[in-house]
Amino acid sequence: KYISMESGRRKGLSGVLSSLSLLCVILDLQLDGVLGATHVEIEQHLEMGRKLLAAGQLAEALSHYHSAVEGDSKNYLTYYKRAAVFLAMGKSKSALPDLTRAIQLKPDFLAARLQRGNIFLKQGNTQEAREDFEAVLQRSPDQDEAQNQLMRANELEELQEEAHAAHHRGDYSTTITVLDRVVELSPWDPESRELRAECYIRLGDPRKAIQDLTPTTRLRNDNRGAFLKLSTLHYDLGEHQESLGHVRECLKLDQDDKECLSRYKQVKKLSKQLDSAEEHIQEERYQDAIDKYESVMRTEPNVLYYTNKAKERICFCLVKMPAMAIDICSEAHQRDPRNINILRDRAEAFILNQDYEKAVEDYQEAREFDMENNEIREGLERAQKLLKLSRKRDYYKILGVNRSANKQEIIKAYRKLAQQWHPDNFREESEKKEAEKRFIDIASAKEVLTDPEMRQKFDSGEDPLDPESQQGGGQGGQGWPFHFNPFESGGNYHFKFHH
C-alpha cells in the first residue's frame, strides 16, 4: 500500500514538473514577443519625443521620454535625452538624476559630464562642477567648453568667499557688488540670492530684497523661510494682499508651522479690517469706515504705513463729515508731509469750513510735489475761484451756514436773518440803507442755495447772480432775486414774516 501511494506521488510530481516546464517555454516565447514589441515601441517613443521637442511641445515630449525610460532602463542615451527635456522646461533639479544615471551607465559619456557640470555651476556647487569639468578634460584635454567652465568654477568659488568675508565685516554694499557677479555665474543658487536679499534689507531696500527672495521659493523644495520673509516684507510695505498670498504658500508646505500660522492670523485680521473699511467708504458709511480704520491702528500699531494709511483715510472720511476733519488731516500731514492725498483732503476740509486761503495753500503745496496730477490742478483752480468769489459775496457766510447745509437748514437761517435785517426794523436813514443791502444779500443767498443748479455753479466757483460771470441771473437792482427792487419808488414796502 505504501509503495502504491509513493508511486502515485511521484507520478503527480512528474506531472506538475512537466506542466511547469511547458509553461516556462510558453512564457519564454511570449516574453520574446513582448521584448521585441517593446523595443519597437521605445524607438517610436524616442522619435515622437524628438519631434515634439523640436516643435516646442515640451510636456508631450517628456511623456514619451518617460515611456522610453520605463521600457529600457539600461539605455544611457534615453536618460540623457529626457534630461535635455527637463532642462528645456527649466527643471534642472529633475535633470540631474537622469544625467547622473547616464554617467553611471557610461562613465566616459563626456556630454553628460559637461552638462551636469554646467548645472552644478549654475547651482553654485563649485566642487561638484569642478570634478565634472576635470573628468572631461582628463579624457579630452582640448575641450574648450570644459576649460572655460572650469575657470568660471574657480572664479565663482573665490567670489563666494569674498562675498561672505565682506558680509561678515558688515560691508553690505561690497557684498552686493560681489554677489551681482556670483548670481550671474550661478543664477540657480538660492543661498547667494538670500544673502544679497539680507544685504538689501540691511540697506533699507526691501523691493530689491523681494526680487531676490521670490525665485528662491522655487529653487528650494521647502523654502518656508523665504515665503515667511516675503510675507513680512510685503506687509511692512503695506501690501497686505501680497503678504497674505505668501504666508498661505508657507502654510501649504506645512499647515502646522507656528511662525507662518501666527503671521497668517495677523495679516488675515488686518486685511479683513482694511477691506471692510474700504467697503464702508464705497457705501458712504463714513463713521463705520472710521471705526474700522481705528481698529486697523490698534491691530498694527508698529508698522508706520498702516498708521499713516488709516489717518489718511480717516481724514478722507471726515471731509465727508466736516467736523474734526482739519485736526485729523493736520495730524496725518505732520506724519507724512509729502502725501498729496492728505493735502488734497485737508484743502477740501478747509473749503467746507470756508477757509479758502488755506485751501489754496494746501493745493499749491500738493502741486509742488506732483505737477502732473490733474486732480490737484483742478482742485487748486477751484479753490482759487472760491477764494476770489469769497472776497465778493459768499452766500454761505451771508446765511451763516456750512457748505454742507441742507435746504431746510438754509431756509431756517434765511427766515431768521430776513426778519432780523428787514428795513422796517430800522429808523435812521443810514441804518435803513445798510439793512436794505443786507436784506438783498440774504434773499440772494437763499435763492442761490435753495436752487440745486445755481448752488452747484456757486460751489464750482461761479456766482450765478453776478452779471460779470455771464451765467444768467443777477437781473434787477443789485441782483434782487425776484427781478424788482422793493426798496425803490419811495420805499413803499410792508413785509412781515410769520412763523
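## Salt bridges

Let's start with two charged side chains: R224 and D222 meet in a salt bridge, with 3.1 Å from N to O. A salt bridge here means a side-chain nitrogen of Lys or Arg within 4 Å of a carboxyl oxygen of Asp or Glu. R224 counts as partly exposed at 24% relative accessibility, and D222 counts as partly exposed at 40%. Buried stands for under 20% relative accessible area, exposed for over 50%, and partly exposed for what is in between (1.4 Å probe, protein chains only). This is a predicted model, in which local features need pLDDT of at least 70 and side-chain atom pairs count only at pLDDT 80 or more, while totals for chains, interfaces and linings use all residues. Residues are numbered from 1 along each chain as its sequence is written, and side-chain values use heavy atoms, with hydrogens and water left out.

The structure holds 34 salt bridges. In another of them, the side chains of R130 and E157 meet at 3.2 Å, N to O. R130 lies in helix α6 (residues 126–139) and E157 in helix α7, so this pair ties together parts that are 27 residues apart in sequence. R130 counts as buried at 17% relative accessibility, whereas E157 is partly exposed at 26%. The helix numbers run from the N terminus: helices (H or I, at least four residues) and strands (E, at least two) are DSSP runs.

A further salt bridge joins the side chains of R344 and D345, at 3.0 Å from N to O. R344 is buried, with a relative accessible area of 13%, and D345 counts as buried at 3%.

## A look at helix α9

How far apart are the end C-alpha atoms of helix α9? The helix has 13 residues (190–202), which at 1.5 Å a residue should span 18 Å, and its end C-alpha atoms are indeed 18 Å apart. The expected span is 1.5 Å times one less than the number of residues. At the start of α9, a side-chain oxygen of D189 reaches to within 3.1 Å of the backbone nitrogen of E191. Just after the helix, G204 takes a positive phi of about 75 degrees.

The buried residues of α9 include P190, L195, A197, C199 and Y200. Their cover includes α7 (144–168), α8 (172–185) and α10 (206–219). R193 and R196 are also among the buried residues of α9, and they are linked with D180 and D212 in a network of salt bridges.

## D394, a buried charge

Where does D394 sit? Its place is in the loop between α19 (374–390) and α20 (395–399). D394 is buried yet has no salt bridge; the nearest side chain of opposite charge, R403, is 4.5 Å away. For charge, Lys and Arg count as positive and Asp and Glu as negative, while His and the chain ends are not counted.

A polar atom of the D394 side chain lies 3.0 Å from the backbone nitrogen of Y396. Leaving aside residues up to four places away in sequence, D394 touches Q354, Y356 and F458, where contact means heavy atoms within 4.5 Å.

## Repeats in the record

UniProt, in an unreviewed entry, places the feature "repeat: TPR" at residues 76–109, 110–143 and 340–373. Such annotations may be inferred rather than shown by experiment, and their positions are given in the numbering used here, with feature names shortened. In the model, residues 76–109 are 79% helix and 0% strand, and their end C-alpha atoms are 9 Å apart. Residues 110–143 are 79% helix and 0% strand, with end C-alpha atoms 10 Å apart.

Notes:
A polar contact is a pair of N or O atoms within 3.5 Å; within protein, one must be able to donate a hydrogen and the other to accept it, and residues adjacent in sequence count only if both atoms are side-chain atoms.
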